[in-house]
Amino acid sequence: MPNTPTELPLTTSDDADHPQVTSDEIRVMVERFYEHARDDELLGPIFAQRVDDWDTHYDTMTRFWSSAVLRAGTYSGRPIEKHRIEGLTTQHFVNWVERFSDVVTQEFGPERSAVFIELSKRMAASIAMRIGIGGVDQALAKPA
Ligand code: HEM
């Protein structure tokens, strides 16, 4: 089969899967998300205990999402290890994804947020599973 494309067209405007966001917009969304997450009764105490430097965390998460969605290649880290947190439950992950979905939809609108929401669900289920917490994918598959 000649000319099989090996790379996806990541920047064309007619690529429906590609959200037209910039890493600056991602940074703003990330900050808004953690403002909300810090108010969450389950998540708030964990972030309060474990995040010393918010600016650095915002930078890390901006690189993480830019790499995931824009293929920016700016994130390298060990996200699983950071989540081996005593007392985490399925519900923590459900709350995380709900908060994230709300904020990203508010910031980017329904179309541009779709890929972020999809990825966040997959990553929440995958992180949870790898630290021994099951049931996240089923919980997230239920209609709201
Ligand atoms: C139960 C829900 C979650 C909790 C309580 C949680 C909590 C945390 C904490 C405490 C950190 C460390 C921050 C620091 O070192 O300053 C962290 C880092 C991180 N989290 Fe989460 N998180 C959750 C879910 C998620 C999900 C669903 C994702 C992905 C979509 C995610 C992605 C990350 C990444 C990329 C880092 C940075 C790791 C690094 O240092 O490279 N987290 N999280």
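For the residue classes used in this tour, Ala, Val, Leu, Ile, Met, Phe, Trp, Tyr, Cys and Pro count as nonpolar, Asp, Glu, Lys and Arg as charged, and the others, Gly among them, as polar. The model on screen is predicted.

**Whole chain.** Begin with the protein in cartoon view. It contains 6 helices and 0 strands, so the order of elements from the N terminus reads α-α-α-α-α-α. Of its 144 residues, 19% count as buried. Among contacts between residues at least 6 apart in sequence, 70% join residues at least 24 apart.

**Ligand.** Next, select the ligand together with its shell of 21 residues. Arg50, Gly77, His92, Met123 and Ala124 are the closest. Colouring the shell by class shows 12 nonpolar, 6 polar and 3 charged residues. Then display helices H2 (43-50), H3 (54-70), H4 (79-82) and H5 (90-130), each of which supplies at least two residues of this shell. H5 gives the most, with 7 residues.

**H1 against H5.** Keep H5 selected and add H1, residues 23-37. The two helices pack at an angle of about 140°, and their axes lie 9 Å apart. H1 is therefore oblique to H5, and their crossing is right-handed. To view the contact, show side chains for Val28, Met29, Arg32, Phe33, His36 and Ala37 on H1. On H5, select Trp96, Arg99, Phe100, Val103, Val104, Glu107 and Phe108. By class, this contact has 9 nonpolar, 1 polar and 3 charged residues.

Key
Residues numbered from 1 in each chain as written. Predicted model: local features only at pLDDT ≥ 70, side-chain atom pairs only at ≥ 80, totals over all residues. Near = placed C-beta within 6 Å. Helix = DSSP H or I, 4+ residues; strand = E, 2+ residues; numbered from the N terminus. Axes fitted to C-alpha atoms, helices over the stretch in contact; angles between N-to-C directions. Parallel < 35°, antiparallel > 145°, perpendicular 65-115°, else oblique. Left-handed = near helix turned anticlockwise from the far one by under 90°. Contact = placed C-beta atoms within 7 Å. Buried ≥ 20, exposed ≤ 12 C-beta atoms within 10 Å, placed from the backbone.
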